[in-house]
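Visitor: Hi! Could you walk me through this one?
Guide: Happy to, just ask away.

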Amino acid sequence: MTSTMRLLASTAAAGSLLVGAAFTAGPALAAPPAVTGVATTSLTAPVLAAVAPAATDRQAVVESWYQQFLGRSAAEDGGSRYWVALLADTPADQVLGRLLATPEHVSREVAGYYTSYLGRQVDGGASYWTGGVVRGAFPLEWAEQNVLASGEFVARSSSGGVGATGTVQAWYATVLGRLGGQGEVAYWSGRLRSASSLQVLREIWYSSEAVNHRVADHYELYLGRSAGRSELSYWYPREVRSDDAVVLAIASSREYLGNPPASR
């Protein structure tokens, strides 16, 4: 979970929001919009690792991956030796890709959406999202979008008399990491009168500000620094296509492997 989830949680607490109708979000929409007119010159994005890290470094890399993607230490899991050994002769992005596809990682992320956005523990319905992501039926970010656009989230964020304004502000806190201005909130509240909550949420989700915000968050979380303008330009079209792929690339990059968070 990112800092935006924490901002949403504090926003919800301040508004004394209550859980509303049951969560009944359906399958996600089709693929995100195509990217056009995005410059990708003068790139300084991290270079993917071409060689496996040394034995001692592999331990640190796996420890960082465990802490960031599984929420626990690799020392608690004897099976982590599998990932360390795999790194000896397998490209880091392939190893991390397998780790991110595990039910443990996916179910942890889905549980985080329920806790942060719906204010409750997951139930049996969460297996739809976890199973779908693990099978490759849809990406993890679609599960997050559907939870955010669910009837339960809308009811929770719009309770207390704030209506659509509360929902839009909750989306802004989550997707953009800030609260919306009066004009912005009025515009999106109006959109909710003519479009579904999932459609409106996705319009915000794929806005230029939101896309760049996610990339910047990934740099801070995985590389411990801010992203430069050329790096944001490089990752922008890739982030629109797949947040999962960008996370995978950054967290298995040469820069990450050379200085994993667990060793900082």
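Visitor: How are α5 and α6 oriented to each other?
Guide: In this predicted model, α5 and α6 are oblique to each other, because their angle falls outside the other classes (under 35 degrees is roughly parallel, over 145 roughly antiparallel, 65 to 115 roughly perpendicular, the rest oblique). Helix α5 (residues 103–118) and helix α6 (residues 126–135) pack at about 140°, and their axes are 9 Å apart.

Visitor: Which residues make the contact?
Guide: On α5 they are Pro 103, Val 106, Ser 107, Val 110 and Tyr 114, and on α6 Ala 126, Trp 129, Thr 130, Val 133 and Val 134. Contact here means heavy atoms within 4.5 Å.

Visitor: New topic: is α11 enclosed or not?
Guide: Largely enclosed by the rest of the structure, because seven of the nine residues of α11 (residues 197–205) are buried, meaning under 20% relative accessible area with a 1.4 Å probe, protein chains only. Among the buried ones are Leu 198, Arg 202 and Trp 205.

Visitor: And what covers those buried residues?
Guide: The cover includes α7 (140–148), α8 (151–158), α9 (163–176), α10 (182–191) and α12 (208–223).

Visitor: Where is confidence lowest, and where highest?
Guide: Helix α1 (residues 3–14) is lowest, with a mean pLDDT of 38, and α12 is highest, at 98; pLDDT is the predictor's confidence in each residue, from 0 to 100. Over residues 1–43 the pLDDT is below 50. Where pLDDT is low, the predicted coordinates should not be read in detail.

Visitor: What are the ground rules?
Guide: Residues are numbered from 1 along each chain as its sequence is written, and side-chain values use heavy atoms, without hydrogens and water. Local features need pLDDT of at least 70, side-chain atom pairs count only at 80 or more, and totals for chains, interfaces and linings use all residues.

Technical notes: Buried < 20%, exposed > 50% of the residue type's maximum accessible area, 1.4 Å probe, protein only. Helix = DSSP H or I, 4+ residues; strand = E, 2+ residues; numbered from the N terminus. Axes fitted to C-alpha atoms, helices over the stretch in contact; angles between N-to-C directions.
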